[in-house]
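Welcome, and please open your viewer before reading on. We will go from stop to stop, with a selection to make at each one.

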Amino acid sequence: MLSSISSSLSLLQAVQVRRNVSAHNTANLQTEGFKKSRVDFQEAPGGGVRPSVSRVETPGVPLPPTQGTGTLGEGSNVNLVEEMTGMLVSEKMTQAAVTVIRSEDDRLGTLLDIVA
């Protein structure tokens with residue numbers, strides 16, 4: 001029983017990392033040359049979830065040449081639709097983890113009532 005609570009808590013922590021990365025990516029949407037980060041979830045020992053953050057090196061949007069230098073610039077490689085979709089998925093993951101924690105809390109409460 002407690003392992004499901006522990007796994008759900010580790011998921012909540014991993015989702016928070018994902019939200020922080022998404023917020024950082026979104027804040028740098030207009031930053032020239034910015035490379036977004038991505039969070040992948042991996043199974044942790046004991047059945048939990050561990051976030052893994054990596055930088056995405058795909059090229060950004062080409063920008064017009066800067067005056068004086070004539071060289072092309074590169075915008076960020078952040079896709080706002082992708083970030084917003086990820087935030088919606090993070091919200092659903094949070095709701096699922098909280099539902100598991102509440103369910104286990106109710107189950108433990110019932111068990112304690114039976115024993116007492």
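Begin with helix H1, which gives the most to the lining of the largest pocket, with four residues. Keep in mind throughout that this is a predicted model.

**Stop 1: the largest pocket**

Select Arg18, Val21, Ser22, Asn25, Lys36, Ser37, Arg38, Val39, Val56, Glu82, Glu83 and Gly86, and you have the lining of the largest pocket. Two or more lining residues come from each of H1, S1 and helix H2 (80-115). Try colouring the lining by residue class: three residues are nonpolar, four are polar and five are charged. The volume of this largest pocket is about 230 Å³.

**Stop 2: Lys36**

Stay with the lining and pick out Lys36, one of its residues. Lys36 sits in the loop that runs between helix H1 (2-27) and strand S1 (37-43). Is Lys36 buried or exposed? Lys36 counts as buried, because its relative accessibility is 9%, and the cut-off for buried is under 20%.

Now show the side chains of Lys36 and Glu82: a polar contact of 2.8 Å joins them. Glu82 also belongs to the pocket lining. To see what else surrounds Lys36, leave out the neighbours within four places in sequence and display its contacts: Asn25, Ser54, Arg55, Val56, Asn77, Val78, Glu82 and Glu83.

**Stop 3: Lys35**

Step back to Lys35, which is also in the loop between H1 and S1. Lys35 counts as buried because its relative accessibility is 13%. Which side chain should you show with that of Lys35 to see a polar contact of 2.4 Å? The partner is Glu74.

With neighbours within four places in sequence set aside, Lys35 is in contact with Arg55, Val56, Glu57, Thr58, Pro59, Gly60, Glu74 and Asn77. Arg55, Val56 and Asn77 are among the contacts of Lys35, and they are also among those of Lys36.

**Stop 4: Val81**

Move to helix H2, where you will find Val81. Val81 counts as exposed, because its relative accessibility is 60%. For a distance to draw on screen, join the C-alpha atoms of Val81 and Gln30: they are 14 Å apart, with these positions 51 residues apart along the chain.

**Stop 5: Gly46**

Next, select Gly46 in the loop between S1 and strand S2 (49-55). At 79% relative accessibility, Gly46 counts as exposed. Draw a line from its C-alpha to that of Asn25: the two residues are 21 apart in sequence, and the line spans 31 Å. Asn25 is a residue you have already selected, as part of the pocket lining.

**Stop 6: the whole chain**

Finally, zoom out and switch to a cartoon view. The protein has two helices and four strands, and they follow the pattern α-β-β-β-β-α along the sequence. Turn the model to its principal axes, and the C-alpha atoms fill a box of roughly 80 × 25 × 15 Å. The radius of gyration is 21 Å, where a compact globule of 116 residues would have one near 13 Å.

Colour by accessibility next: buried residues make up 26% of the 116 residues. How many of the contacts between residues at least 6 apart in sequence join residues at least 24 apart? That share is 53%.

Notes:
Residues numbered from 1 in each chain as written. Predicted model: local features only at pLDDT ≥ 70, side-chain atom pairs only at ≥ 80, totals over all residues. Heavy atoms only, no water. Buried < 20%, exposed > 50% of the residue type's maximum accessible area, 1.4 Å probe, protein only. Polar contact = N/O pair within 3.5 Å; in protein donor to acceptor, adjacent residues only side chain to side chain. Contact = heavy atoms within 4.5 Å. 1 Å grid on protein atoms, 1.4 Å probe; cavity = no way out; pocket = protein on both sides within 12 Å on 5 of 7 lines; lining within 4 Å. Points joined across faces, edges and corners; volume = space filled by probe spheres on them. Nonpolar A, V, L, I, M, F, W, Y, C, P; charged D, E, K, R; others polar. Rg over C-alpha atoms; globule rule 2.2 N^0.38 Å.
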